[in-house]
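Below is a briefing on one protein chain. Start at the N terminus, then move through the helices, a strand and the loops to the whole molecule.

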Amino acid sequence: MRITAIVLSRDEADRIGTALDSVAFCDEVLVVDSGSRDGTQEVARARGARVVESPWPGFAEQRNRAAGLATHDWVLFVDADERVDGALRAALEALRAAPEPAEAAFAVRRTVHALGRWIRHGGWGRERRLRLYDRRRARWAGAVHEWLEVQGPAGPDLAGLLEHRPFRSVHDHWQRLGRYAELAAQEMHAQGRRCGWADLRLRPAFRFLKMYVLRLGFLDGWAGYVLARMESAYVLAKYARLRELGTTGPRA
């Protein structure tokens with residue numbers, strides 16, 4: 001079993017090095033870059049990665065395109081703001097040393113660092129993500145929050161963690177939520193969905209309640225409160241934009 005580790009990038013020079021170092025043990029490291037201008041490609045090449053530049057077509061399509069560029073059929077996706085820890089590396093190396101598995105995909109557990117601490121609750125503690133798969137039997141779908149459609153059985157979750165540091169600052173987090181809200185609203189509008197008063201009034205409040213109370217986000221202290229409020233604001237922005245699209249149509 002040979003594995004190509006794939007990292008998608010755009011202007012990630014300040015943090016992609018850590019991600020690439022953590023997957024350097026794989027049989028190939030491929031960076032698919034969508035037009036970085038901050039030296040990301042040079043950082044990747046300096047660490048021995050094969051770099052391919054590809055315009056950004058969307059999350060799922062870029063992942064599928066990158067998987068098609070890999071030398072090997074088994075691919076491991078690691079984001080530029082993630083790092084494979086020692087236990088996960090050991091699990092991956094054990095797979096590489098064994099005969100090719102019958103399973104089509106394997107999930108990893110991801111832990112998130114935000115606002116200066118590791119987030120343990122609110123639905124962000126040790127998220128499960130399908131990241132290692134046989135490209136012959138799986139394909140990405142979706143627009144904003146993409147998912148992996150697998151043709152075949154999934155194996156047990158791999159030991160270890162994928163350490164995720166998604167936000168450089170609160171400002172970076174806020175800007176990203178704005179972009180995601182726009183993309184999500186566009187997708188819902190294309191599906192014919194509409195936004196009513198109940199969506200604007202109830203959905204943001206329920207998101208906060210779900211994250212902060214039902215999923216114990218309050219146990220993460222002030223960070224849990226801030227993250228729940230930001231997620232609530234994201235939901236409000238998404239449905240407000242959907243309502244706007246229903247009134248005015250998409251932007252030119």
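Met-1 touches Asp-27, Trp-74, Leu-95, Arg-96, Ala-98, Glu-100, Pro-101 and Leu-132, leaving out residues up to four places away in sequence. The model is predicted. Met-1 belongs to the segment before β1.

**The N terminus**

- Is Met-1 buried or exposed? Met-1 is buried, because its relative accessible area is 18% and the cut-off for buried is under 20%.
- Met-1 and Glu-100 are 99 residues apart in sequence, yet 5.1 Å separates their C-alpha atoms.
- Glu-100 is also among the residues that Met-1 touches.

**Helix α3**

- Helix α3 covers residues 59-69.
- Its buried residues are Ala-60, Gln-62, Arg-63, Asn-64, Ala-66 and Ala-67.
- An α-helix has 3.6 residues a turn, so residues three or four places apart point the same way.
- Which strands do the buried residues of α3 pack against? They pack against β1 (3-9), β2 (28-33), β4 (74-77), β8 (127-134) and β9 (138-141).

**Leu-88 in helix α4**

- Leu-88 sits in helix α4, residues 86-97.
- Leu-88 is buried, with a relative accessible area of 1%.
- Beyond four places in sequence, Leu-88 touches Val-108, Leu-158, Ala-159, Gly-160, Leu-161 and Leu-162.
- One of these, Ala-159, is 71 residues from Leu-88 in sequence, and the C-alpha to C-alpha distance is 5.5 Å.

**Thr-111 in strand β6**

- Thr-111 lies in strand β6, which runs over residues 105-114.
- Thr-111 counts as buried, at 4% relative accessibility.
- Not counting residues up to four places away, Thr-111 touches Trp-118, Ile-119, Arg-120, Arg-126, Leu-161, Leu-162, Glu-163 and His-164.
- Leu-161 and Leu-162 appear here and also among the contacts of Leu-88.

**Met-188 in helix α5**

- Helix α5 (residues 170-190) holds Met-188.
- Met-188 is buried, with 6% relative accessible area.
- Leaving aside neighbours within four places, Met-188 is in contact with Arg-193, Lys-238, Tyr-239 and Leu-242.
- How far apart are the C-alpha atoms of Met-188 and Lys-238? The separation is 9.4 Å, with the two positions 50 residues apart along the chain.

**Asp-199 in helix α6**

- Asp-199 is part of helix α6, residues 197-214.
- Asp-199 is buried, because a relative accessible area of 15% falls under the 20% cut-off.
- The side chain of Asp-199 has a polar contact with the side chain of Arg-203, at 2.6 Å.
- A polar atom of the Asp-199 side chain also lies 2.9 Å from the backbone nitrogen of Gly-196.
- Which residues does Asp-199 touch beyond four places in sequence? They are Arg-194, Pro-204 and Tyr-239.
- Tyr-239 is also in contact with Met-188.

**Positive phi in two loops**

- Asp-11 has a positive phi of about 55°, although Asp-11 is not a glycine.
- Asp-11 is in the loop between β1 and α1 (16-22).
- Asp-11 is partly exposed, with a relative accessible area of 32%.
- Arg-126 also has a positive phi, near 55°, and is a residue other than glycine.
- Arg-126 is in the loop between β7 (117-119) and β8.
- Arg-126 is partly exposed, with a relative accessible area of 48%.
- Thr-111 touches Arg-126.

**The whole molecule**

- The protein has seven helices and 11 strands.
- How do the 252 residues compare with a compact globule? Such a globule would have a radius of gyration near 18 Å, and the protein has 19 Å, which agrees.
- The C-alpha trace spans about 55 × 45 × 40 Å along its principal axes.
- Of the 252 residues, 48% count as buried.
- Of the contacts between residues at least 6 apart in sequence, 73% join residues at least 24 apart.

**Surface and charge**

- The protein exposes about 12400 Å², and carbon and sulfur atoms supply 53% of this area.
- There are 40 positive and 32 negative side chains.
- What distance separates the centres of the positive and negative sets? The two centres lie 5 Å apart.

Methods. Residues are numbered from 1 along each chain as its sequence is written. This is a predicted model: local features need pLDDT of at least 70, side-chain atom pairs count only at pLDDT 80 or more; totals for chains, interfaces and linings use all residues. Side-chain values use heavy atoms; hydrogens and water are left out. Helices (H or I, at least four residues) and strands (E, at least two) are DSSP runs, numbered from the N terminus. The radius of gyration is taken over C-alpha atoms; the globule rule is 2.2 Å times the number of residues to the power 0.38. Buried means under 20% relative accessible area, exposed over 50%, partly exposed in between (1.4 Å probe, protein chains only). Contact means heavy atoms within 4.5 Å. Accessible areas come from the Shrake-Rupley method with a 1.4 Å probe; for residues, only the protein chains shown count as cover. Lys and Arg count as positive and Asp and Glu as negative; His and the chain ends are not counted. The place of a charge is taken as NZ of Lys, CZ of Arg, CG of Asp or CD of Glu. A polar contact is a pair of N or O atoms within 3.5 Å; within protein, one must be able to donate a hydrogen and the other to accept it, and residues adjacent in sequence count only if both atoms are side-chain atoms.
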